Amino acid sequence: MSLRERDARVIANIARLRFSPLGLVGGAGNRLIEEGGRQLLDLSASFGPAILGHGHPAITAAVSAACANMAGASLAAHPNEDAVALAEDLLRLTPGGGERRVWFGHSGSDANDCVMRVLQAATGRSRFISFIGSWHGGMSGPISISGHTALTHTLPRAGLLLLPYPDPYRPTFSADEVLKQLDYHFATTCPPSQVAGIFIEPLLDDGGLIVPPAGFLQAVQQRCRRHGIQIIVDEVKVGLARSGRMHCFEHEGLEPDVVVFGKGLGGGLPLSAILGPQHIMDHAPAFAIQTTAGNPVACAAGRAVLQTIADEGLIERARRIGAIFSDGLRALRARHPMIGDVRGRGLAVGVDLVADRQSREPVPVAMTAKVVYRAYQLGAVFFYVGLRGNVLEFTPPLTLTEAEAEEGLAIVDQAMTDVTRGLVSDAAVAPFIMW
Ligand SMILES: Cc1ncc(COP(=O)(O)O)c(C=O)c1O
């Protein structure tokens, strides 16, 4: 029986998001190894965490050493060198003033959940603001403040103010209109004194790789700051060098009170972190404990990731390879009318597929799924996102080479040609339309 068939028999559907029949037996560098031995170019990094690719020597060495001499398994119970040093590194690398403290968890989801709980407790305020299109995680708390179409199975939390995220390509609401809505809510049904914090993705990834209009997030920040509302920047998907800056919020001139890291921080191992003001993060002892959080093995991976970003110049590389890749995708517009827009920052790149360039009407989701599926057949792995499921998402390892970027472009080109020619049937792709 194949891995995929066994997977279908034992792994819960609620945990699966499968865009192709790919089943993995290994990974090396920026390649994934499929059952049977075929190697595929990884242009997703498993939705971002495999920031250094697969089996990077720095991570392998750090994790092996930490594991072979394991300083306990719980930061809650006692400090360990890797956790404390990683916290020191994160504080050094993240701009922000005043006394700050670090919390470690296992995922972006638990980190955002923790932020919600501690902010409510520490500020005595119970409401939050977030954006339509945002994805803050798959636990009760973060789902309830997310604004993604794929999460409408769970109701938003009471008192949530969900604002549109202005999209320069499909400007349903301009930045000014959203600011006007915010002001109106503050003046009427959402007194700012009730709001603990605003969750901001500095680049709306799962919502369609939307880069906000210049100055918009700063204007939001100004308004919230005036009312003592905490600014929480969710860097889980696009932080840590991916955007071509160490932190994506730096592009937007944001000065967050709280920064949330996940995904790439662990280089594939489960690790997340929150940096926040001491008076909030020290709210009460043992307020947000998870036994194995901050364990030395995951934190050793985190230290290796930060060290490798510096050693291999990955910020600059994300910018350079990202530009090559994005320019290449833009060049494909001449051959593929389905490409409406190419956008993003660094190595977080989205391709918005349209049925008609004039109206910018998104393609049906099956069309996006076919491009992803065909690319898998041709040897590249990436997925799709967006509120209408029409945006190809490229978040490759930051170690992607120029040659690999060119190889990826050739596969995307061929996949689009083949899909346009009708080479992928509706039936073939039907099991892989996930959202
Ligand atoms: C911006 C953002 N925040 C938080 C999360 C949740 O992270 P995780 O799924 O690792 O818990 C995600 C996941 O996609 C995300 O994109």
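## Strands 1 and 2

Gly26 has Ile33 as its bridge partner in strand 2. This is a predicted model, and here it pairs strand 1 with strand 2 (residues 31-34) in antiparallel fashion, through four bridges.

Step back a little and you'll find an open sheet of four strands, ordered 1-2-3-14, with mixed pairing. Strand 1 (24-28) and strand 14 (380-381) are the edge strands, so to speak the two ends of the row, each pairing on one side only.

## Strand 10 and its partners

Now for strand 10, which covers residues 272-277. How many of its six residues are buried? Six of the six, so we can call the strand mostly covered, with buried taken as under 20% relative accessible area.

Strand 10 runs antiparallel to strand 4 (residues 100-105), and six bridges hold that pairing. Take Phe104 as an example: its bridge partner in strand 10 is Ala273. Strand 9 (residues 258-261) is joined to strand 10 as well, again antiparallel, by three bridges. There, Val259 sits opposite Leu275 of strand 10.

## Helix 7 and its cover

Helix 7 spans residues 216-226, and its buried residues are Phe216, Leu217, Ala219, Val220, Gln221, Arg223 and Cys224. An α-helix has 3.6 residues a turn, so residues three or four places apart point the same way.

What covers those buried residues of helix 7? The cover includes strand 5 (127-131), helix 6 (175-187), strand 7 (195-200) and strand 8 (230-234). Just past the end of helix 7, Gly228 adopts a positive phi of about 70°.

Definitions and conventions:
Residues are numbered from 1 along each chain as its sequence is written. This is a predicted model: local features need pLDDT of at least 70, side-chain atom pairs count only at pLDDT 80 or more; totals for chains, interfaces and linings use all residues. Side-chain values use heavy atoms; hydrogens and water are left out. Buried means under 20% relative accessible area, exposed over 50%, partly exposed in between (1.4 Å probe, protein chains only). Contact means heavy atoms within 4.5 Å.
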